[in-house]
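Here are my notes on this one, as numbered points. Have the structure open while you read.

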Amino acid sequence: MAQFVSKSEYEEITAASRDARMAWWREARFGMFIHYGLYSALGRHEWAMASENWPVNEYEKLAAGFLPKQGAPNEWAALAKKAGMKYMVLTTRHHEGFSLWDSKVNPYNSVNYGPKRDIVREFVEACRANNMRIGFYTSLMDWHHPDGGAAAYDSAARKRFNDYIYTLNEELLTQYGKIDILWYDVARPMENYEGWNSLEINQRLRAIQPDIIINNRSRLDEDFGTPEERVTAEKDRDWESCMTFNGLSWGYVDSAQAGPHSYNAQRILKMLATCSEGAGNLLLNIGPQPDGSVPPEAVEPLTTVGKWLAKNGEAAYGKVSRFKEGGGIGSRLCSMSKKGKIVYLWNWIWPPNRELILGGFKTPLVSAKLLADGRSLPFTQEKYRIILKNLPADGREPVAGVTVIALEFNVKPGEEIETQRFAARPPLNGGRVFE
Ligand code: H79
């Protein structure tokens, strides 16, 4: 058995390798979350087992009707690729406790029941075939395991449950080659990392996959934060917003029976812009249908986003960095992402008077161009004010109506674009860096 280091040593060691391990992720910007399990067959939200208070032996019967069609993971990966996503994270086992692989410690799985197939393997192969980085979501809760609740107060149950959770993740990280992300969720019932034995477990898992990145949900901070159902930058650390497609449910629900909740391409781009502004990522979920097909309402919006990214992706992908001054500069008609000496304006409302005024830039502007076709835009700049003039009447971007203007500033290597908040008023968002 390997020696374990203390929490502070562990944090030092993982911090030292973080830039290298996170490099691909920091440039990827956009990933697909997939929630798929027995709750998909039920179609009433992935929490149904708990919120509807199902007896375990009744819920288990859903496994017989969980029948993903052949090739379903290829459909997910093909859509992710089409959408311009760079990685995928699958719920290998959600809170309900049903594993989508041939687990030795959890016989309640998709190889013994339902499709009798290793869906995790199919997912991994689909990711590799479509050049997607691979993430495994793994719940810490388990409503099916007899120790899942007792672990809170019974130390023998807790020991068994910790071992169970470790072994599940060991299986996942040893059987499928290189895995890029371990995405923990919901560390209940134990309230600290000691209760989960996370420090030792994560050290053992990192020994298996030295390049892996781990999210912050095993009661250790680890590599990145995970705001859920909100797009909010975290201060001074990497972060990834995970968002449902409909604001309602991660697992499949019949969207035809819902109000018009699903995101359209413009709303997805707005989320992606906010992530790009704050140097975070967007992990956008789809809840595949009972047979594993992609939900129909996701296809057009994601396809449109992909077409848009094919032309304008420079504004999102790559080494974006945050503005030092944060909000209160630029124009509220635009979001702004920054890479080196370039600021990308994501314009949501093409100005009818064909003029865009940007406040707060001190560094001299060198050029302004439409990203999609390189057309130069005339401008003036004085006293923290840039005015882009005579914008082309046909400048509004045709695919999604979101036009990107690339502003190149005169910064020397090692220097930053200098900005200053509008002096006459306080930050609009209560001091947070980005809203
Ligand atoms: O997998 C997705 C969610 O099921 C999971 N995280 C994402 C990625 C998650 N589990 N718990 N939570 C998020 C937070 C807890 C929410 C709850 Fe509720 C509020 C549990 C009970 C009340 C939401 C609303 C779930 C059921 C009703």
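1. Start with I34: across from this residue, in β2, sits L90. Further back along β1, G31 has Y87 of β2 as its opposite number. The two strands, β1 (residues 30-34) and β2 (residues 87-93), run parallel and are joined by four bridges. Keep in mind throughout that this is a predicted model.

2. What does β1 pair with besides β2? Strand β7 (residues 281-286), again in the parallel sense, over five bridges. One pair to click on is M32 in β1 with its bridge partner L284 in β7. As a reminder, strands of a sheet pair through backbone hydrogen bonds, either parallel or antiparallel.

3. Is β1 buried or exposed? Five of its five residues are buried, so the strand is largely enclosed by the rest of the structure. F30, M32 and I34 point one way, while G31 and F33 point the other way, and all of them are buried. That is the textbook pattern: in a regular strand the side chains alternate between the two faces of the sheet.

4. Zooming out to the whole sheet, there are seven strands in an open arrangement with parallel pairing, and the order reads β5-β4-β3-β2-β1-β7-β6. Which strands are at the edges? They are β5 (213-214) and β6 (240-243), each of which pairs on one side only.

5. Now the ligand. The shell around the ligand holds 14 residues, and the ones that come nearest are H35, E46, H94, H95 and D185. Sorted by class, the shell has five nonpolar, four polar and five charged residues.

6. For the polar contacts to the ligand, I'd look at three side chains. H94 puts a polar side-chain atom 2.7 Å from a ligand oxygen. H95 has a polar side-chain atom 3.0 Å from a ligand nitrogen. In W47, an N or O atom of the side chain is 3.2 Å from a nitrogen atom of the ligand.

7. Helix α8 (residues 155-174) passes a simple geometry check. Its 20 residues, at 1.5 Å a residue, should span 28 Å, and the end C-alpha atoms are indeed 28 Å apart, so expected and modelled spans agree. At the start of the helix, a side-chain oxygen of D154 comes to within 2.9 Å of the backbone nitrogen of A156.

8. Which residues of α8 are buried? A157, F161, N162, Y164, I165, Y166, L168, N169, E171, L172 and L173. When you look at how they are spaced, recall that an α-helix has 3.6 residues a turn, so residues three or four places apart point the same way.

9. One of those buried residues, E171, has a partner worth a look. The side chains of E171 and S103 make a polar contact at 2.7 Å. S103 itself belongs to the loop between β2 and α6 (119-129), and this serine counts as buried because its relative accessibility is 4%, under the 20% cut-off.

10. How many disulfides are there? A search of the whole structure turns up zero. Take C127: its sulfur is 18 Å from the closest cysteine sulfur, which is in C242, and that is too far for a bond, given that a disulfide needs the sulfurs within 2.5 Å. For C242, the closest cysteine sulfur is in C275, 10 Å away, also too far for a bond. As for exposure, C127 is buried with a relative accessible area of 0%, and C242 is buried too, at 1%.

11. Two loop residues to finish. E60 lies in the loop between α4 (56-59) and α5 (72-82) and is partly exposed, with a relative accessible area of 32%. E60 and L38 are 22 residues apart in sequence, yet their C-alpha atoms are 8.6 Å apart in space.

12. The other is W350, in the loop between β9 (342-347) and β10 (356-359). W350 is buried, with a relative accessible area of 12%. Its C-alpha is 8.3 Å from that of G401, and the two residues are 51 residues apart in sequence.

Methods
Residues numbered from 1 in each chain as written. Predicted model: local features only at pLDDT ≥ 70, side-chain atom pairs only at ≥ 80, totals over all residues. Heavy atoms only, no water. Buried < 20%, exposed > 50% of the residue type's maximum accessible area, 1.4 Å probe, protein only. Near = heavy atom within 4 Å. Polar contact = N/O pair within 3.5 Å; in protein donor to acceptor, adjacent residues only side chain to side chain. Nonpolar A, V, L, I, M, F, W, Y, C, P; charged D, E, K, R; others polar. Pairing = 2+ DSSP bridges. Expected span 1.5 Å × (residues − 1).
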